[in-house]
Amino acid sequence: MTEILARLDALAAYAGPWRPLRDEAPRLRTRLEELREREQRLDDMLIVALVGGSGVGKSTLLNALAGDQLAPTSEYRPCTSSPTVYQPPGSSFGLDGWTRVYGSALENLVIIDTPDSDTVVRQHRASVITALTQCDVVLVCGSAEKYLDEATWSLLRPLQGERTVVCVETKADAEQQSVREHWLARMKAEGFDVAQYFRVSQRRTLDRKLTGRAASENEYDFPRLESFLRDELNVEQARRIKRSNAFGLLTKTLAGLRDRVGTQQESLETLAKTLDE
């Protein structure tokens, strides 16, 4: 990877007369900055972003994971205006204007509760994009009533192959059939490789934790989701995910370079031959 980045650096520094490569150089420099940043963060804590449309229960999910009322919730209207960062004590992460909450329920992770992906407020949507840029794992949250909104797709599409994606079907209920098969089929059709799928009743879990009761079956996959976040996303797995994400970004960078510049090779060779003659 070091050798490839060095070769890309040389291309990104191009300022000569050949327009296709000269026009591509700024985009390539931006990609290289992100690649090097991700390379430097391989040993950092894993960052998980909760993303989804209004009313699907992202904030309630965060509260259920923490076992406390960290973020304001509402079943009917957007209530997260800026990202809420739930992070272990002593860790440093977060941007200006973001709410930071220090806890220890998940000592190996930083979790970001983002504003609704279908928000019409420009700065709220911009903060979702920033959170997606910073994160390593995306927990895409959707309920049986709302899991295919175009606003969420539009935010996720640019990150295909660059982030580990997990689907969380929220508000699970015995009277409502799971959307698992249909949702996974659509994710596959959109080009996403989903690492895990969980169906949860986050409100029941939160109520149970706040009252000190034992876990019950009507929480569905919530215990399995907690185990995944707490145990499976350990230091070794976090590094593997970060490397995989960086490799996905590198692959897309090379593919884009080939599509936008490499296709001009034949015309460049023809021009070189003409000049030689």
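**Entry 1. Salt bridges of Arg 157**

I looked up the partners of Arg 157 in this predicted model and found a salt bridge with Glu 190, the closest N and O atoms being 3.0 Å apart. I then placed both residues: Arg 157 is in the loop between α5 and β6, and Glu 190 is in the loop between α6 and β7. The pair therefore links distant parts of the chain, 33 residues apart.

I noted a salt bridge from Arg 157 to Glu 150 as well, with the closest N and O atoms 2.7 Å apart. For exposure, I recorded a relative accessible area of 29% for Arg 157, which is partly exposed. Glu 150 is also partly exposed, at 46%.

**Entry 2. Lys 146 and Asp 118**

I next examined Lys 146, which forms a salt bridge with Asp 118; their closest N and O atoms are 2.4 Å apart. Lys 146 belongs to the loop between β5 and α5, and Asp 118 to the loop between β4 and α4 (122-134), so this pair ties together parts that are 28 residues apart in sequence. I read a relative accessible area of 24% for Lys 146 and 25% for Asp 118. Lys 146 is thus partly exposed, and Asp 118 is partly exposed too.

**Entry 3. Salt bridges in the whole structure**

I asked how many salt bridges the structure holds. The count is 25. I also found a network of salt bridges that links Arg 31, Glu 34, Glu 37, Arg 38, Arg 41, Asp 136, Glu 162, Arg 163, Lys 242 and Lys 252.

**Entry 4. The cavity**

I searched the whole structure for cavities of 30 Å³ or more and obtained 1. The volume of the largest cavity is about 80 Å³. It is lined by 15 residues, of which Val 140, Tyr 147, Asp 149, Thr 152 and Trp 183 are the closest to its centre. I checked which elements give two or more residues to this lining: they are β5 (137-143), α5 (150-156) and α6 (180-189). Sorted by class, the lining of the largest cavity comprises 9 nonpolar, 4 polar and 2 charged residues.

**Entry 5. Thr 152**

I followed one of the residues closest to the cavity centre, Thr 152, and located it in helix α5. Is Thr 152 buried or exposed? Its relative accessibility is 6%, and the limit for buried is under 20%, so I entered Thr 152 as buried. Leaving aside residues up to four places away in sequence, I listed its contacts as Val 51, Gly 52, Gly 53, Ser 117 and Val 140. Val 140 is itself among the residues closest to the centre of the largest cavity.

**Entry 6. Helix α8**

I inspected helix α8 (residues 222-232) for buried residues and found Phe 222, Leu 225, Glu 226, Phe 228 and Leu 229. I then asked where around the axis they lie. They cover an arc of only 155 degrees, which puts them on the same side of α8. An α-helix has 3.6 residues a turn, so residues three or four places apart point the same way. I traced what the buried residues of α8 pack against: α3 (58-66), β4 (109-113), β5, β6 (164-170), β7 (194-199) and α7 (202-211).

**Entry 7. Arg 29**

I located Arg 29 in helix α2 (residues 19-40). At 40% relative accessibility, I entered Arg 29 as partly exposed. I also looked up its separation from Cys 167: the two residues are 138 residues apart along the chain, and their C-alpha atoms are separated by 32 Å.

Technical notes
Residues numbered from 1 in each chain as written. Predicted model: local features only at pLDDT ≥ 70, side-chain atom pairs only at ≥ 80, totals over all residues. Heavy atoms only, no water. 1 Å grid on protein atoms, 1.4 Å probe; cavity = no way out; pocket = protein on both sides within 12 Å on 5 of 7 lines; lining within 4 Å. Points joined across faces, edges and corners; volume = space filled by probe spheres on them. Helix = DSSP H or I, 4+ residues; strand = E, 2+ residues; numbered from the N terminus. Nonpolar A, V, L, I, M, F, W, Y, C, P; charged D, E, K, R; others polar. Buried < 20%, exposed > 50% of the residue type's maximum accessible area, 1.4 Å probe, protein only. Arc of directions from axis to C-beta. Contact = heavy atoms within 4.5 Å. Salt bridge = Lys/Arg side-chain N within 4 Å of Asp/Glu carboxyl O.
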